[in-house]
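Look at the model below and follow how its helices are packed against one another.

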Amino acid sequence: SLTKKHPYRAFWIGISAPQDILYRRIKVRAQAMIRKGLIAETKKLLVQGVTKKRIQEFGFEYMAALRFIEKKINRDELLEILIRNTLQYAKRQKQWFKKNHEINWISKPQEADHLVKKFLAK
């Protein structure tokens, strides 16, 4: 629990990227997932006898790959689904982390140096 007192002092830092940078990073990540074998891995699971229902439980990435394999979507649509779902997931993560008021949000990693020094001086 976030409100529970712990025996150690913790310093929380969260990096908040602008939306355009977040989108670009997620797009690159989604492209890499496809390039590194998401479709082949999903096909392999099917060959090994893993049910479609079970594959869908592995996450939205596998659900989208399964739809591609079944020719329900094309490669461009697969990429867009991966990007959209990852953006939605990132938004939910950010909302969850915002509940922790101890997090020091920064926009650039370099900003952490000053905050950490200040924390350690206490």
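How are α2 and α4 oriented to each other? The model is predicted, so that local features need pLDDT of at least 70 and side-chain atom pairs count only at pLDDT 80 or more, while totals for chains, interfaces and linings use all residues. Residues are numbered from 1 along each chain as its sequence is written, and side-chain values use heavy atoms, without hydrogens and water.

Helices here are DSSP runs (H or I, at least four residues), numbered from the N terminus. Helix α2 (residues 38-47) packs on helix α4 (residues 60-69) at an angle of about 80°, and their axes are 9 Å apart. Axes are lines fitted to C-alpha atoms over the stretch in contact, and angles run from 0 to 180 degrees between N-to-C directions. Because angles of 65 to 115 degrees count as roughly perpendicular, α2 and α4 are roughly perpendicular to each other. Among the residues in contact (heavy atoms within 4.5 Å) are Leu-38 and Ile-39 of α2 and Tyr-62 and Phe-68 of α4.

Several residues of α4 are buried (under 20% relative accessible area, 1.4 Å probe, protein chains only), including Phe-60, Ala-64 and Leu-66. The cover over the buried residues of α4 includes α1 (19-35), α2, α3 (52-56) and α5 (75-98). After α4 comes Lys-71, with a positive phi near 60°.

Two of these covering helices, α1 and α5, also pack on each other, at about 130° and with axes 9 Å apart. Angles outside the ranges under 35, 65 to 115 and over 145 degrees count as oblique, and α1 and α5 are therefore oblique to each other.

Methods
Helices (H or I, at least four residues) and strands (E, at least two) are DSSP runs, numbered from the N terminus. Buried means under 20% relative accessible area, exposed over 50%, partly exposed in between (1.4 Å probe, protein chains only).
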